[in-house]
Amino acid sequence: MTSRFDTPSGRASSHFEMNMAIAGTYQITISGRASLSASARTLLRHAVKAVLSTHDVPQAKIGLRLVSDEEMAVMNQKHLGHEGPTDVLTFDLRDEDTDCGLEGEIALCVDTARREGESMGHGVEAELALYAVHGVLHLLDYRDDVKAAAAEMHEMEDRILGSLGLGSVYASSR
(Lines give C-alpha, C1' and ligand atoms only; values in the text may rest on other atoms or scores of the structure.)
Protein backbone atom coordinates (compact mmCIF):
# COMPACT_ATOMS: atom_id res chain seq x y z
CA MET A 1 0.00 0.00 0.00
CA THR A 2 1.31 3.44 -0.92
CA SER A 3 1.33 6.11 1.75
CA ARG A 4 -0.43 9.39 1.21
CA PHE A 5 2.84 10.97 2.35
CA ASP A 6 5.57 10.83 -0.32
CA THR A 7 8.47 10.33 2.09
CA PRO A 8 11.87 10.87 0.45
CA SER A 9 14.14 10.30 3.44
CA GLY A 10 12.06 9.96 6.59
CA ARG A 11 14.27 12.54 8.37
CA ALA A 12 14.14 16.26 8.82
CA SER A 13 16.90 18.14 7.08
CA SER A 14 19.72 19.74 9.04
CA HIS A 15 18.68 23.08 7.47
CA PHE A 16 15.24 22.68 9.04
CA GLU A 17 16.73 21.72 12.40
CA MET A 18 18.99 24.79 12.28
CA ASN A 19 16.00 27.05 11.56
CA MET A 20 14.16 25.52 14.49
CA ALA A 21 17.01 26.53 16.82
CA ILE A 22 16.65 30.21 15.91
CA ALA A 23 12.85 30.30 15.90
CA GLY A 24 10.74 32.56 18.10
CA THR A 25 9.46 32.00 21.61
CA TYR A 26 6.90 29.22 21.47
CA GLN A 27 4.95 27.58 24.26
CA ILE A 28 3.45 24.34 22.97
CA THR A 29 1.48 22.09 25.28
CA ILE A 30 -0.03 18.70 24.53
CA SER A 31 -2.91 17.44 26.65
CA GLY A 32 -5.63 14.83 26.54
CA ARG A 33 -6.11 11.23 27.55
CA ALA A 34 -4.88 9.64 24.32
CA SER A 35 -1.74 7.60 24.62
CA LEU A 36 1.03 8.71 22.26
CA SER A 37 4.73 7.93 22.34
CA ALA A 38 7.27 10.54 23.33
CA SER A 39 8.56 10.61 19.75
CA ALA A 40 5.02 11.25 18.43
CA ARG A 41 4.62 14.14 20.87
CA THR A 42 8.00 15.51 19.80
CA LEU A 43 6.91 15.31 16.14
CA LEU A 44 3.76 17.29 16.97
CA ARG A 45 5.82 20.01 18.66
CA HIS A 46 8.20 20.14 15.68
CA ALA A 47 5.23 20.37 13.29
CA VAL A 48 3.81 23.37 15.16
CA LYS A 49 7.23 25.05 15.38
CA ALA A 50 7.80 24.47 11.66
CA VAL A 51 4.62 26.35 10.74
CA LEU A 52 5.37 29.18 13.15
CA SER A 53 8.98 29.63 12.08
CA THR A 54 8.10 29.39 8.37
CA HIS A 55 5.69 32.28 8.88
CA ASP A 56 8.11 34.29 11.06
CA VAL A 57 5.77 34.25 14.05
CA PRO A 58 7.85 35.70 16.90
CA GLN A 59 5.72 34.50 19.80
CA ALA A 60 3.03 31.85 20.18
CA LYS A 61 1.17 29.86 22.77
CA ILE A 62 -0.39 26.78 21.20
CA GLY A 63 -2.25 24.01 22.98
CA LEU A 64 -2.76 20.68 21.25
CA ARG A 65 -5.53 18.60 22.79
CA LEU A 66 -5.67 14.94 21.82
CA VAL A 67 -9.30 13.82 21.79
CA SER A 68 -11.38 10.75 20.99
CA ASP A 69 -14.14 10.49 18.38
CA GLU A 70 -16.71 10.98 21.14
CA GLU A 71 -15.07 14.14 22.50
CA MET A 72 -14.59 15.53 19.00
CA ALA A 73 -18.22 14.86 18.06
CA VAL A 74 -19.40 16.86 21.09
CA MET A 75 -17.05 19.74 20.24
CA ASN A 76 -17.99 19.68 16.55
CA GLN A 77 -21.71 19.85 17.40
CA LYS A 78 -21.25 22.54 20.06
CA HIS A 79 -18.97 24.87 18.09
CA LEU A 80 -19.87 24.27 14.43
CA GLY A 81 -23.27 22.62 14.58
CA HIS A 82 -21.95 19.60 12.66
CA GLU A 83 -22.86 16.07 13.60
CA GLY A 84 -20.13 13.50 14.29
CA PRO A 85 -16.38 13.73 14.74
CA THR A 86 -13.95 15.59 12.50
CA ASP A 87 -10.17 15.46 12.25
CA VAL A 88 -9.20 18.84 13.70
CA LEU A 89 -10.86 21.89 15.25
CA THR A 90 -9.01 25.16 15.80
CA PHE A 91 -9.85 27.81 18.38
CA ASP A 92 -8.24 31.24 18.15
CA LEU A 93 -7.68 32.48 21.71
CA ARG A 94 -5.96 35.78 20.90
CA ASP A 95 -7.06 38.78 22.87
CA GLU A 96 -7.83 41.61 20.45
CA ASP A 97 -6.72 44.19 23.02
CA THR A 98 -3.17 42.88 23.32
CA ASP A 99 -0.51 41.99 20.81
CA CYS A 100 1.04 39.01 22.56
CA GLY A 101 1.45 36.89 19.45
CA LEU A 102 -0.47 33.88 18.27
CA GLU A 103 -2.55 31.97 20.80
CA GLY A 104 -4.82 29.04 20.13
CA GLU A 105 -6.10 25.63 21.08
CA ILE A 106 -6.21 22.86 18.49
CA ALA A 107 -8.21 19.68 19.06
CA LEU A 108 -6.74 16.69 17.21
CA CYS A 109 -8.88 13.55 16.89
CA VAL A 110 -6.63 10.56 17.56
CA ASP A 111 -9.29 8.00 16.56
CA THR A 112 -9.77 9.67 13.18
CA ALA A 113 -5.99 9.92 12.73
CA ARG A 114 -5.61 6.18 13.39
CA ARG A 115 -8.28 5.31 10.83
CA GLU A 116 -7.04 7.77 8.20
CA GLY A 117 -3.39 6.88 8.71
CA GLU A 118 -4.14 3.17 8.36
CA SER A 119 -6.28 3.66 5.26
CA MET A 120 -3.61 5.86 3.66
CA GLY A 121 -0.65 3.64 4.55
CA HIS A 122 1.13 5.69 7.20
CA GLY A 123 1.09 5.94 10.97
CA VAL A 124 -1.05 7.91 13.36
CA GLU A 125 1.94 10.16 14.11
CA ALA A 126 2.17 11.45 10.53
CA GLU A 127 -1.58 11.98 10.33
CA LEU A 128 -1.61 13.91 13.62
CA ALA A 129 1.30 16.03 12.37
CA LEU A 130 -0.83 16.94 9.34
CA TYR A 131 -3.72 17.88 11.65
CA ALA A 132 -1.43 20.03 13.83
CA VAL A 133 -0.03 21.84 10.78
CA HIS A 134 -3.55 22.34 9.44
CA GLY A 135 -4.74 23.79 12.74
CA VAL A 136 -1.87 26.25 13.08
CA LEU A 137 -2.37 27.39 9.49
CA HIS A 138 -6.00 28.18 10.36
CA LEU A 139 -4.71 30.33 13.24
CA LEU A 140 -2.61 32.14 10.62
CA ASP A 141 -5.80 32.85 8.64
CA TYR A 142 -5.42 30.16 5.99
CA ARG A 143 -8.79 28.97 4.76
CA ASP A 144 -9.98 25.75 3.21
CA ASP A 145 -13.63 26.57 2.54
CA VAL A 146 -12.99 27.91 -0.98
CA LYS A 147 -11.19 25.84 -3.63
CA ALA A 148 -8.40 28.35 -4.40
CA ALA A 149 -7.73 29.04 -0.73
CA ALA A 150 -7.74 25.32 0.05
CA ALA A 151 -5.16 24.73 -2.70
CA GLU A 152 -2.90 27.38 -1.16
CA MET A 153 -3.35 25.84 2.28
CA HIS A 154 -2.63 22.32 1.01
CA GLU A 155 0.49 23.52 -0.77
CA MET A 156 1.76 25.03 2.49
CA GLU A 157 0.90 21.83 4.37
CA ASP A 158 2.97 19.84 1.87
CA ARG A 159 5.86 22.28 2.25
CA ILE A 160 5.82 22.03 6.06
CA LEU A 161 5.39 18.25 6.12
CA GLY A 162 8.24 17.93 3.63
CA SER A 163 10.49 19.99 5.91
CA LEU A 164 9.73 17.48 8.67
CA GLY A 165 10.79 14.57 6.46
CA LEU A 166 7.22 13.32 6.12
CA GLY A 167 6.80 14.18 2.47
CA SER A 168 3.76 15.66 0.79
CA VAL A 169 0.12 14.74 1.15
CA TYR A 170 -1.59 16.78 -1.55
CA ALA A 171 1.02 17.10 -4.32
CA SER A 172 -0.33 14.08 -6.20
CA SER A 173 -3.88 15.49 -6.19
CA ARG A 174 -2.94 18.78 -7.88
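**Entry 1: a network of charged side chains**

I began with the charged side chains of this predicted model, and I found that R33, R65 and E71 are linked in a network of salt bridges. In general, side chains of opposite charge can pair when their charged atoms come close, and I therefore looked up the distances one pair at a time. R33 and E71 meet with 3.1 Å from N to O, while for R65 and E71 the closest N and O atoms are 3.7 Å apart. Both of these values lie within the 4 Å that the definition of a salt bridge allows.

Where along the chain do R33 and E71 sit? I found R33 in the loop between β1 (25-32) and α2 (38-54), whereas E71 belongs to helix α3, so that the pair links distant parts of the chain, 38 residues apart.

I then asked how far each member of the network is open to the outside. R33 is exposed, with a relative accessible area of 70%, but E71, at 22%, is partly exposed, and R65 is likewise listed as partly exposed, with 31%.

**Entry 2: another salt bridge, and the count**

Next I looked up D145 and R143, whose side chains meet in a salt bridge with 2.8 Å from N to O. Here D145 is exposed at a relative accessible area of 57%, while R143 is partly exposed at 46%. How many salt bridges does the rule give? I noted a count of 5.

**Entry 3: one side of helix α4**

I turned to helix α4, which spans residues 110-120, and wrote down its buried residues, namely V110, T112, A113 and G117. On which side of α4 do they lie? They share the same side, because they cover an arc of only 150 degrees around the axis. The general background is that an α-helix has 3.6 residues a turn, so residues three or four places apart point the same way.

I also wanted to know what lies over these buried residues, and I found that their cover includes the strands β2 (59-67) and β4 (102-109), together with the helices α3 (69-80) and α5 (124-139). Just after α4 comes G121, and I noted that its phi is positive, near 90 degrees.

**Entry 4: strands β1 and β2**

For the strands, I checked how β1 and β2 lie against each other, and they pair in the parallel sense over 8 bridges. As one example I followed Y26, whose bridge partner in β2 is A60. Is the crossover between these strands left-handed or right-handed? Following the chain from β1 through α2 to β2, I recorded a β-α-β crossover that is left-handed.

**Entry 5: the whole protein**

Finally I stepped back to the protein as a whole, which has 6 helices and 4 strands, arranged along the sequence in the pattern α-β-α-β-α-β-β-α-α-α. Of its 174 residues, 43% are buried. Among the contacts with a separation of 6 or more, 64% come from residues 24 or more positions apart. The protein exposes about 9,300 Å², and I noted that carbon and sulfur atoms supply 49% of that area.

Notes
Residues numbered from 1 in each chain as written. Predicted model: local features only at pLDDT ≥ 70, side-chain atom pairs only at ≥ 80, totals over all residues. Heavy atoms only, no water. Buried < 20%, exposed > 50% of the residue type's maximum accessible area, 1.4 Å probe, protein only. Helix = DSSP H or I, 4+ residues; strand = E, 2+ residues; numbered from the N terminus. Arc of directions from axis to C-beta. Contact = heavy atoms within 4.5 Å. Pairing = 2+ DSSP bridges. Right-handed = clockwise from strand over helix to strand, strands pointing away. Areas by Shrake-Rupley, 256 points an atom, 1.4 Å probe, with all protein chains shown as cover.
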